[in-house]
Amino acid sequence: MKGENILIPSMHAVVVPFPAQGHVNALMHFAELLRARGFYITFVNTEWTEKRILDSSKHFSERSNFRLLSFADGLPPEHGRTAQLGELVAMLAKRGPVLEEVLRSSNGNGVPPVTCILTDCIMSCTASVAANMGVPRVVFWPLCAAASIAQKYADLLLSQGHIPIKVSQTKRPEQMISGLPGNIPDLWPSDLISFYREQCESDAIFKALLYEAQQSNEADYVLINTFEELEGRDAAAALSANGCPSLAIGPVFLPKVLQGEETRLGSMWDEDESCLEWLDKQRPGSVLYVSFGSVAVKSQQQLEELALGLEGSGQPFLWVLRSDIAEGHTPVLPEGFEKRTSDRAFIVNWTPQLKVLAHASVGGFLTHNGWNSTLESISMGVPLLGWPYFGDQFLTCRFAKDIWKVGLDFKDVDVDDNRLVTREEVESAVRDLMQNEQLRKRALELKEAAIKAVMPGGSSFTNISTFIRDMLEKAKIPSSSFVQGGNDEGNILLVK
């Protein structure tokens, strides 16, 4: 790398993710990027999340300039958390005083003063904390820019009658949503976050997310886990709150992958790496990777159809089959399925997903289209077959297919939660995905664009440098205090 090495005086980012796997993952990766550029990191989970992470990972004790803190989320131990999302979001919105007390009581002992609070876009409790501590509140959007815009402008969509969404009308041309900021493509109502659908209007999640959309404007800075070459600079700028800077800084996990460093940072699941040995024995580009993330569930009948479709495709596959994926229960596979597919299938409870997607044997990804999974697949050059479940996944799935031209999908799963996707549909779609050279070519083009974005001189690398400089300025750290050089703790800011 060519550039000037500048030693950064002590900077301290308090990082507060929403307590769900995808949100924790994204902010953990970005926190590591900041730590590598000289920040001290305080990563604050809920107690429930921290316990799950520590039970499945031993990496945190090995890091310098990094500490974990936690605060009580106010819910009883038996509460379903992400299974009762509205109650979780609403309760967390009230936990500002608890979070602030945890931070204030942990100061001292050589910990530098807090420079900024880096907060998930649906952790509104951090607004009062940042104000009371007199530091900038940096809002981080872990969704794609288009989905983030659709959430940020929820009040506008409500006033225009687009939400609550009437699912029966979502595919009528006159219902298309145009004119949202950021030059994003027109949206179908079914692209909007699924919790705004008509049947959800009286639910806690509908009201809680409207409130969080309003509170996202209480930001001094905005960052988005995407890259300009994928969604455009205007899309990132449209997330600005009252004229504050708004920058695309993703994919936040990619620098570590390119450097060959550990990417298992904030997993709440025990990752089984034995699947990598199995992948080593498969032909390049031959394996379909199947995973629906940490939350999505399927009916037992749907899982049986999926299994038989995978079998019928004749394709080697690696299937993440969580113990709770059958609507909270252990799935039961068709009789004889595992024996019949034993020569070309590997079934596991959880995988090191980035390592799987980066493996030469993987040629396609059947996914729920969570943004982390989608962005990881794009960045690894792997085309997608989308099967969204909830939230922003419907927009991400459609954009992967229609806008970014890197994926396929199943018809009408976005408007009919109960539609059974048959084994024949699965078989056909898997074959189409794995044999589609155009999708593979496009995936490789986007992979190169993502890599370029995070390298020195790239759009995301430059935007992160801009963000760090702005935080230095807000912290009133004079440029005269910069010195040439660095140390073995990684306190270097690379500025091209």
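**Turns, cores and a pocket in a predicted model**

Colleague: What phi does G381 take just after α16?
Modeller: Just after α16, G381 takes a positive phi, and the value is about 75°. Bear in mind that this is a predicted model, where local features need pLDDT of at least 70, side-chain atom pairs count only at pLDDT 80 or more, and totals for chains, interfaces and linings use all residues. Residues are numbered from 1 along each chain as its sequence is written, and side-chain values use heavy atoms, with hydrogens and water left out. Helices are DSSP runs of H or I with at least four residues, strands are runs of E with at least two, both numbered from the N terminus, and the phi after α16 is about 75°.

Colleague: How many residues of α16 are buried?
Modeller: Buried means under 20% relative accessible area, exposed over 50%, and partly exposed in between (1.4 Å probe, protein chains only). The buried set in α16 includes W371, E376 and S379. The helix covers residues 371-379 and is largely enclosed by the rest of the structure, because its buried residues number nine of the nine.

Colleague: Which residue in the loop between β12 and α16 has a positive phi?
Modeller: Most residues other than glycine have a negative phi. Here phi is near 65° in a residue other than glycine, and that residue is buried at a relative accessible area of 1%. The loop runs between β12 (362-367) and α16, and the residue is N369.

Colleague: And K405, is that one buried, partly exposed or exposed?
Modeller: K405 also has a positive phi, near 60°, and sits in the loop between α17 (393-403) and β14 (407-409). Its relative accessible area is 48%, so K405 counts as partly exposed.

Colleague: Which residue is joined to G250 by a cis peptide bond?
Modeller: Most peptide bonds are trans. A cis bond also runs from I163 to P164, with omega near 0°, and P164 lies in the loop between α7 (154-159) and α8. With G250, omega is about -5°, and the partner lies in the loop between β8 (246-248) and α11 (254-258): it's P251.

Colleague: How much space lies in the largest pocket?
Modeller: A pocket is an open set of points on a 1 Å grid over the protein atoms alone, where a 1.4 Å probe fits and protein lies on both sides within 12 Å along at least five of seven lines; lining residues have an atom within 4 Å of a point. Points are joined across faces, edges and corners, and the volume is the space filled by probe spheres set on them. For the largest pocket that comes to about 1200 Å³.

Colleague: Which helix gives the most to the lining of that pocket?
Modeller: The lining has 45 residues, with F195, V295, V297, Y389 and F390 nearest the centre of the pocket. It divides into 20 nonpolar, 13 polar and twelve charged residues, where Ala, Val, Leu, Ile, Met, Phe, Trp, Tyr, Cys and Pro count as nonpolar, Asp, Glu, Lys and Arg as charged, and the others, Gly among them, as polar. α2 (47-56), α3 (85-92), α8 (204-215) and α13 each supply at least two residues. With three residues, the top contributor is α3.

Colleague: Which helix gives the most to the largest nonpolar core?
Modeller: A nonpolar core is a set of buried Ala, Val, Leu, Ile, Met, Phe, Trp, Tyr and Cys residues joined through side-chain atoms within 4.5 Å. The largest one has 100 residues, and F18, I117, L187, Y196, L318 and W404 have the most contacts inside it. The helix giving the most covers residues 437-454 and supplies seven residues: α19.

Colleague: How many residues are in the second, separate core?
Modeller: It includes M11, L34, L223 and M471. M471 is also one of the buried residues of α20, a helix of 16 residues (459-474). The count for this second core is 30 residues.

Colleague: How far apart in space are L99 and S70, C-alpha to C-alpha?
Modeller: L99 lies in helix α4 (residues 96-105) and is buried, at 1% relative accessibility. Leaving aside neighbours within four places in sequence, L99 has contacts (heavy atoms within 4.5 Å) that include V16, V44 and F71. L99 and S70 are 29 residues apart in sequence, while in space the distance is 8.2 Å.

Conventions
Expected span 1.5 Å × (residues − 1).
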